[in-house]
Structures are given as C-alpha cells and as structure tokens.
2 protein chains.
Amino acid sequence: MPDPRPVPPGGAVGILGGGQLGRMLAAAASELGLKTHVFCPDHDAPAFDVATARTVAGYDDEKALAAFARSVDVVTFEFENVPARAGEVLAANVPVYPNPQALAVAQDRLAEKTLIQELGIPVPPFAAVNEARDIYSGLGRAGRPAVLKTRRLGYDGKGQAAIRTGDDPSHAWRLIGEQPAILESFVDFRCELSVLVARDRQGATLTYDVAQNRHERHVLAETTVPAAIDAATDEAARQIGVRIAEALDYVGVLAVELFLVDRPEGPVLLVNEIAPRVHNSFHWTQDAALTSQFEQHVRAVCGWPLGDPCRHSDVVMTNLLGESAARWQVLAGEPRTRLHLYGKREARPGRKMGHVNRLAGPSASAGKG
Amino acid sequence: MPDPRPVPPGGAVGILGGGQLGRMLAAAASELGLKTHVFCPDHDAPAFDVATARTVAGYDDEKALAAFARSVDVVTFEFENVPARAGEVLAANVPVYPNPQALAVAQDRLAEKTLIQELGIPVPPFAAVNEARDIYSGLGRAGRPAVLKTRRLGYDGKGQAAIRTGDDPSHAWRLIGEQPAILESFVDFRCELSVLVARDRQGATLTYDVAQNRHERHVLAETTVPAAIDAATDEAARQIGVRIAEALDYVGVLAVELFLVDRPEGPVLLVNEIAPRVHNSFHWTQDAALTSQFEQHVRAVCGWPLGDPCRHSDVVMTNLLGESAARWQVLAGEPRTRLHLYGKREARPGRKMGHVNRLAGPSASAGKG
C-alpha cells in the first residue's frame, strides 16, 4: 500500500488486540473524533467496551482479517506477537503501522539484539541457542549467572529460565520447551530505564521523558518520572530510542527498555528489549504529559502531526496487579491520584487490572472542598 | 429506588443523550473500568462511537426506556430537557442521578429563577409572561432593554427575543412562538463567569476553579481559567454553586452561569442560569485539572468518592464551531494545545464540532524533539 493521506476526523482506526492497551488506544482515538474497530479472539476483551465496531475472530482467520482491514482507514496493533501471515493479509488491504517488518524484528529476541548491536548500541552479551550444546558454549563466553530466553513469544518473564552456578543447563533447556532461544548474561545494573520515541510518517521523531522502572517477579511494578539520572544519560537514552526507530522505519510509538550499568569507564546504557507499541512504563503520560502515549500512537499511525510530549508534573505510576485492584474505592479517594481500571472481570493473581498515577509537586491552583 | 450501593468496576452506566457530552462521559467512564449504554434517537449520534451498548429510540418510547434502564446499574443525562415521563420510567427501574426533580427545575426558566431567588441569591429582574399583556407590565417594572425567553427548551440563544427601545413587544411574543415565557432585564455586566460544583451521594461537595466566559451570538466562544476576579468574588461564586446543588439535593456536576455586575456598593454576582450536567465552560478540566468534569460526574452518579479537582495549568478553551474544525491538522500541530473533536459528520454553521484547550505557563519538564 502506498503511503496514504492522513485519516481524517470521522475515519476509522483498526486495532488488532483487545486488551487494556487496545482499550486505552480506542478511548484516545475517540478524543480525536475517530472511530475504532477492535479485532480480538476473546468475546469479552476489555477494548470492546469502548470500540465503535468489534470483530471476534482468531488471528488466523484470514477472511475476518481481510474484512476487518477493509472496514477501516488504517490498522495498528496493541501487541507485537502478531502472526506474520496476519500482518500480510492486513497490509494487502489497508495501510498498516508500524510496518510488519518492525514487528517481525521485535518478535524475535535474536533478530532484535542483532539489529541493535549492528547499530553500535550496547546490549548485554548474548549467544544464539538452537540446541542444548549451544548453551554450554554460550556460558563459556558469557559466564554465569545467565538467563535462557525463548526467541519468540516471551513477555513478563514467561519463557525464561535462569542458569546460576551449579544449575544444570539442560534443565533450563527443558524448562523453556527446548525451542530456539537466546542466552543472555545477567546484568548487574544500577537501575532499569525506558524511553518512548514517537515517529510520524514523515520521519519526524520526539521522545518522552525517560522513565525509571522497578520490576517485581519480572512484571513492572512501578515507574517514576523523572528518572534519577544525569543529563548525559538522559540524552543518550533518547538517542538510542530515536536511532532504533529510524533503523526500523518505524511509525507510531516505540518503547526501549534499558539497563543503566556502572562501569569503570563510567555509566553505560544497555538495551534490554524493545516493544513496538504503547508500553506499560509510559502509562504516566495519561495524566502528567500533554499528549498521552495512546493519543500519540494514534496520531502517528493516522498521519497526524505528533502531539506535544511536555510533562507538567512529576509522577509515580503503580500497576494494580490481581487483588490489589479490589481497593479501588480507597484509591479513587486519594488526593492527586489518578485511577485507571481496565474493566477485567477476573482478578487472577498477577493480572494487570489497572494502574494509578500519583502526581507530585504543587499545582497551579487548588479546587476547594 | 433506594440509594443503592456504588456501581463497581465492570458495572454499566446508562447515558441518556448521544451528543458530544455523552461521548466524553462514555470515554471517561471507560477509564474507570465501567461499561456504558447510550440511549439516543439519532442513529449516528457521536456518543455511539465509544459506547459499550447502544439504543436508538425516541425519548417517548417507554418500552425502550425501561429495557435500557434494566440493562444498566445507574442512569444519568447529557442534557436537561429530558421529558418528565421518560424520567419517571427510568426511575421506576434503576437509580437515576441527578434526580428528575432537579432536571424539572432546570427545564423551566421561571421555576429556576424563582428557586434561586428564594435561596436569597441575586438574579436579574424578571417577570413571568403567560400572555402578551404580561410583557407590558413586566417592561414597566424591568425597563428596556429586556429579553423575552421561552420558559422551556431554550439553549444557545434559541427561543429568545430582545426588546429594545422602540421594539414592538408583541413582535417578540410572536418570535418566540407565543408560549409561556419569562421577561428578563438586560444586565450590564463586567464579565460572564461560571462555576462547576460536584456533589456526591453523601452530600459532599467540591468546586472547580471559576471560569470566565466569552459568548458570541449567544454561543460560548471561549473560556479562560483562572478568571480575572478577586478572591471574594471567587469564593462567592463557589458558594452560590454549592447552595444551589444542596437545595436541589443534587448528585453529579452542576454548572451555574453568572454575571459579574459592578454596582455602586461593589461587585455583585447574578445567576443567569443553571445546567444540571457537564458544561461546555468546563471542558478545560480535561487537560488542566486532575479530574475532568466528565469523570467527576461519572464518579458522583456511580457513588464513588469525588476526584481531586486541582488545576495544574492556566488554560484557555476555545470552541470549534462549524467550519473552524476544518483546520484540525493545523490545530493538532500547535504546541501546548490539546485538540478534541466530536466525530460529527456535518459541519453546519455554528455547530459545535470540537474544542481546543491551550495550556499556558511553564511545564515541569519538556519532551525533546
């Protein structure tokens, strides 16, 4: 498909995937006068609550994908693990952003790490693992502890196994299902950061303020902005984001997760992974920035000018996992706290049910009780 | 219906009316994990784009109203001119906020002015007009210029006729359709203000910062916050809002439009009219306050705690009327500007197509291009 004209107000954005990211993308699109069409296999997907049109079908249902594509002016994604064939079917019928090649890179940890390394951007030492014996040679180079990760379909710590001193590498190999993998050195980092870059169809880019993240059991627990980093590190993180987005000819918002590592020669940023979509560590932009990441993504994929990413308040974002969302009435009453819930019926342990953004710093003016 | 328990996340809010106010209410409800059901006679109502469920039916369709009411946990309104019978049918099936009696008062300019006067709150001199000769006696007391307004169903200058020196009062009477009316003195005001009060089911109230409004041809053109008023006027405006909300046993957000008049004894606030709903002059709360008026209304009618109304930035809201929304690409690219479009197909002259909130003042931190 040739690069099309901007999607005008009243046009329709197709969103593949119906989770909370799709829900917040759809709500943001509505603020710009756009309609939405959400495609998801789950009949009670959170994004359906706020979508103009819905398709319940599998990502391998080519007929449904084609009909979905023809019903909208542009298609985007709330997740990166879109089957390649689905991307092809969509792209044959409608403009698709980000481009499916960018998704393909992000779907494969080996392709991703290789690309980033080729750009001259540091990554943790890694080795490709196609069979069990590759783990041993990899450990010889990378040392222990290390972590074995499936090349595909891993997220939030799934598809990963640590290999520490004394661990049997073949046990890790069985744990991840004996599938193509990547062995990465453990990184002794000072902190985890992420950067979000937005890139429009003409190639203009901008970045949001760098976020500092704290994970618990491989799941993001809390994001703090501004991050406790110096100006040089801040600038370096932003530049890494921009260079990766440009290398992928990316359109939309792209998150890059980073480790800040102290080396004798000074602090170094290593790329952990990229996410070609809106990202949990930038949910704070909903309440502390002029343009949320959700609206920014919609603007970019629709061919609109990028929105102002300025931040007006310091902020801490906390995920509400599992039963912690049961405290919604307490959270809803906290001052300077913005509560976001995803409308999910079942609060399974560790499931992302919502988040809160707590704003710090004085406001320009207070309402009165 | 007895005062019910709060509507929990995952519950459904019914919204009567499908215009831009309903659209923004529905989007705000989705952020709290709530579903929405919009009832509107127009099949292409803007609010349908973002509603979980839709009913296309007339406000006199009692069967459809009852089914709608039974499908949700609470019903609210995006407009005040709900037929009394519709309110009764809804209230027989589900909790309804604000209470239909508050709507009834706001539907009738005479009842509204009378109530406010009985509270000891100043209003412009007025007289009831049931037949043409009442206009002459009214003019005798109020003087000219004056304005004749239908008691019911007037908004944005519709159903009004001015009577200036030399004008034939019977012409004004014919212009408004010879129906029950109210004659009001022209008010020579310094400025037009509005205040928004939120009141929850337990009777707790809070107010947003007072807005200063500029109308063009009876339609709101621009709102500036903060208003150019002193602290005493600010406090007086807020108190007027709270007293009216309490008198109506109101639940939700309620807007009060005020004239600031300079008198020899000092500045005086006169109530122009009330709107028992979210109001155009508080659209700035979407981008410059912690809790938007839309979320605040949803919280109140659902029995949630009220949200923090603090304002973090100075702001000017400008309505996009008719063809002025055709500049959306330019507006979308302005720094520190938040664009909101309603997804309406046809840009009829004077039709509200969207609005922009322009934020002033330095931000805590700037994103980088």
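How many residue pairs are in polar contact across the interface of chain A and chain B? In this predicted model, the count comes to 27 residue pairs, both partners being at pLDDT 80 or more. Several parts of chain A build its side of this interface: H1, strand S10 (205-207), helix H8 (231-247), helix H10 (293-301), helix H11 (328-332) and strand S16 (337-341) each supply at least two residues that touch chain B.

Let's stay at the interface for a moment. Here 61 residues of chain A are in contact with 61 residues of chain B, and together the two chains bury about 4900 Å², with 48% of that area on carbon and sulfur atoms. There are 4 salt bridges between chain A and chain B. Look, for instance, at Lys35(B) and Asp49(A), which form a salt bridge with their closest N and O atoms 3.1 Å apart.

Asp49(A) also leads us to a neighbour worth finding on your screen. Arg23(A), in helix H1 (residues 20-31) of chain A, touches Asp49(A) and also reaches across to chain B, where its contacts are Ser30(B), Gly33(B) and Leu34(B). Within chain A, the contacts of Arg23(A) include Pro46(A), Val50(A) and Leu341(A). Its side chain comes to 3.3 Å from the backbone oxygen of Tyr342(A). Is Arg23(A) buried or exposed? With a relative accessible area of 2%, Arg23(A) is buried, because anything under 20% counts as such.

Now turn to helix H1 (residues 20-31) of chain B. Its 12 residues reach 17 Å from the first C-alpha to the last, close to the 16 Å expected. H1(B) is mostly covered, with 12 of its 12 residues buried; among them are Arg23(B), Met24(B), Ser30(B) and Glu31(B). Just after this helix, Gly33(B) takes a positive phi of about 80 degrees.

Back in chain A, strand S12 (residues 219-225) makes a good next stop. S12(A) is mostly covered, since 5 of its 7 residues are buried. Strand S11 (residues 211-216) pairs with S12(A) in the antiparallel sense over 5 bridges, and His215(A) has Leu220(A) as its bridge partner. The hairpin of these strands has 2 residues between them, and Arg217(A) takes a positive phi near 50 degrees there. S12(A) is also joined by 4 bridges to strand S15 (residues 314-321), again running antiparallel, with Thr223(A) facing Met317(A) as bridge partner.

The hairpin carries a salt bridge too: Glu222(A) and Arg214(A) have their closest N and O atoms 3.6 Å apart. Glu222(A) is partly exposed at 25% relative accessible area, and Arg214(A) is partly exposed at 38%. Elsewhere, salt bridges that share partners link Asp209(A), Asp234(A), Arg238(A), Arg311(A) and Asp314(A) into one network.

Over all chains, the whole structure has 48 salt bridges. One of them joins Glu80(A) to Arg277(A), with 2.6 Å between the closest N and O atoms. Glu80(A) lies in the loop between strand S4 (74-77) and helix H3 (84-91), and Arg277(A) in the loop between strand S14 (266-275) and helix H9 (285-288), so this pair ties together parts that are 197 residues apart in sequence. Both residues are buried: Glu80(A) at 12% relative accessible area, Arg277(A) at 15%.

A further pair is Arg199(A) and Asp249(A), whose side chains meet in a salt bridge at 3.0 Å, N to O. Arg199(A) sits in strand S9 (residues 191-199) and Asp249(A) in the loop between H8 and strand S13 (252-263), so the pair ties together parts that are 50 residues apart in sequence. Arg199(A) is buried, with a relative accessible area of 10%.

Notes. Residues are numbered from 1 along each chain as its sequence is written. Chains are lettered from A and ligands numbered from 1 in the order in which they are written. This is a predicted model: local features need pLDDT of at least 70, side-chain atom pairs count only at pLDDT 80 or more; totals for chains, interfaces and linings use all residues. Side-chain values use heavy atoms; hydrogens and water are left out. Buried means under 20% relative accessible area, exposed over 50%, partly exposed in between (1.4 Å probe, protein chains only). Two strands pair if DSSP finds at least two bridges between them. A polar contact is a pair of N or O atoms within 3.5 Å; within protein, one must be able to donate a hydrogen and the other to accept it, and residues adjacent in sequence count only if both atoms are side-chain atoms. Contact means heavy atoms within 4.5 Å. The expected span of a helix is 1.5 Å times one less than its number of residues. Buried area is the accessible area (1.4 Å probe) that two parts lose on being put together, summed over both. Lists of a residue's contacts leave out its neighbours within four places in sequence.
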